[in-house]
Amino acid sequence: MPELPEVETIARGLASRLIGDVIESVWLGSKPEPLKSPAVEIEATLLSKKILNVRRSGKHIVFDLSDPVALAPSAQWIVHLGMTGRLLVCSPEAEVSKHTHAVLRLASGRELRFVDPRRFGRLAVVEKFAPPGLEPLSISLDEFTNLFRVRKTPIKSALLNQKLLSGVGNIYADEALYRAGLRPRRRAASLAGNDFAKLRKGLKQVLSEAIRLGGSSISDYVDSDGQEGFFQLKHRVYGREGEPCRKCGTAIKRVVIAGRSSHYCPKCQK
């Protein structure tokens with residue numbers, strides 16, 4: 001599933017191509033799974049709307065929409081990509097995938113298509129979207145510490161809790177814990193103040209670096225231009241079970257925590 005850096009990369013690419021365009025028509029497929037809002041509501045909300053902005057909120061892509069002559073947003077289209085969802089800007093002549101669930105015809109003559117083979121992605125319209133947790137890239141140290149210091153769950157599980165932090169997934173939780181020198185099974189409540197500072201710093205660093213490199217292309221992920229990311233080449237622990245730690249040479253270990261694989265260095269992380 002695309003995590004914060006991948007969704008940020010996609011949102012930035014879409015913003016550069018779509019801001020100012022107007023939605024002239026809306027087609028929605030017959031599969032009900034992708035539609036979190038009723039089809040008639042999505043169509044009525046999107047039709048004839050101007051795209052003021054495209055941005056990320058947590059793991060969601062937010063389209064700020066307005067009437068064509070208005071300057072302030074009147075509604076938002078929310079897209080969650082799920083496991084295999086993609087948003088494609090293409091010409092009307094381009095072949096339509098059988099897994100296409102939405103087509104927005106734009107005033108520029110292009111189409112914006114939502115394609116999702118596994119149908120775990122979701123489309124919704126709202127007046128004002130609020131992510132369930134705090135933003136990892138702007139959270140203060142006090143906010144970060146207060147989120148986790150009373151949690152009795154493993155720190156890895158706490159990092160993945162979207163009600164605490166919105167957007168952090170398996171890859172970047174592993175990489176942040178490595179940079180902070182913390183094992184994923186450590187109870188969050190057992191961390192000291194300096195541990196929280198190191199973890200917050202490591203998380204922000206790894207997310208920012210991944211955004212600069214276009215995210216991690218592990219499975220199906222490509223950006224809005226169809227290009228793969230490069231951060232997977234910088235992974236220090238994720239997906240490297242049995243390989244030597246890039247710092248000390250110790251073999252990277254993998255454990256399963258709450259059904260999710262976690263990777264760590266048994267020497268560098270305590």
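**Two cores and two sheets in a predicted model**

Good morning. I begin with the largest nonpolar core, which has 30 residues. Those with the most contacts inside this core are Phe-144, Phe-148, Ile-155, Leu-159, Leu-165, Leu-199 and Leu-203. I should say at once that the model is predicted.

Four helices each supply at least two residues of this core: helix 3, helix 4 (155–160), helix 5 (170–180) and helix 6 (193–212). Helix 6 gives the most, with seven residues. Consider Leu-199. Leaving aside neighbours within four places in sequence, Leu-199 is in contact with Phe-144, Ile-155, Leu-159, Ala-176, Leu-177, Ala-180, Leu-182 and Leu-191. Apart from this core lies another one, of 28 residues; its members include Leu-28, Ile-61, Val-79 and Leu-123. As general background, nonpolar side chains in soluble globular proteins tend to be buried together.

I turn now to the sheets. Strands 2, 3, 4 and 8 form an open sheet in the order 2-3-4-8, with antiparallel pairing. At its edges are strand 2 (50–57) and strand 8 (122–126), each of which pairs on one side only. Direction ignored, neighbouring strands of this sheet are turned by 20 degrees against each other on average. Within the sheet, strand 3 and strand 4 run antiparallel and are joined by six bridges. Which residue of strand 4 is the bridge partner of Phe-63? The partner is Trp-77.

Two helices pack on this sheet. Helix 1 touches strand 2 and strand 3, and its direction makes about 165 degrees with that of strand 2. Helix 2 touches strand 3, strand 4 and strand 8, with a direction at about 60 degrees to that of strand 8.

The other open sheet also has four strands, in the order 1-6-7-5, and its pairing is antiparallel. Here the edge strands, each pairing on one side only, are strand 1 (23–28) and strand 5 (86–90). The twist averages 15 degrees from one strand to the next. Strand 1 is joined by five bridges to strand 6 (residues 100–106), and these two strands run antiparallel. Ile-23 stands opposite Leu-106 in strand 6.

Helices 1 and 2 appear again at this sheet. Helix 1 (residues 4–18) lies across strand 5, strand 6 and strand 7 (111–115), at about 25 degrees to strand 5. Helix 2 (residues 39–46) packs on the sheet as well, touching strand 1 and strand 6, and its direction makes about 165 degrees with that of strand 1.

Finally, the aromatic rings. The count comes to two aromatic pairs. Phe-63 and Trp-77 form a tilted pair, with 4.8 Å centre to centre and 40 degrees between the planes. Because Phe-63 lies in strand 3 (residues 60–66) and Trp-77 in strand 4 (residues 75–80), this pair ties together parts that are 14 residues apart in sequence. Phe-63 and Trp-77 are both buried.

In the other pair, the ring centres of Phe-144 and Phe-148 are 4.9 Å apart and the planes stand at 65 degrees, so the pair is edge-to-face. Both residues lie in helix 3 (residues 141–148), four residues apart, about one turn of the helix. Are these two rings buried or exposed? Phe-144 is buried, with a relative accessible area of 0%, and Phe-148 is likewise buried, with a relative accessible area of 0%. This returns us to the opening: Phe-144 and Phe-148 are among the residues with the most contacts inside the largest nonpolar core. Thank you.

Notes:
Residues are numbered from 1 along each chain as its sequence is written. This is a predicted model: local features need pLDDT of at least 70, side-chain atom pairs count only at pLDDT 80 or more; totals for chains, interfaces and linings use all residues. Side-chain values use heavy atoms; hydrogens and water are left out. Two strands pair if DSSP finds at least two bridges between them. Axes are lines fitted to C-alpha atoms, for helices over the stretch in contact, and angles run from 0 to 180 degrees between N-to-C directions. Contact means heavy atoms within 4.5 Å. Rings of Phe, Tyr and Trp (its six-membered ring) pair if their centres lie within 6.5 Å; planes under 30 degrees apart count as stacked, over 60 as edge-to-face and the rest as tilted. Buried means under 20% relative accessible area, exposed over 50%, partly exposed in between (1.4 Å probe, protein chains only). A nonpolar core is a set of buried Ala, Val, Leu, Ile, Met, Phe, Trp, Tyr and Cys residues joined through side-chain atoms within 4.5 Å.
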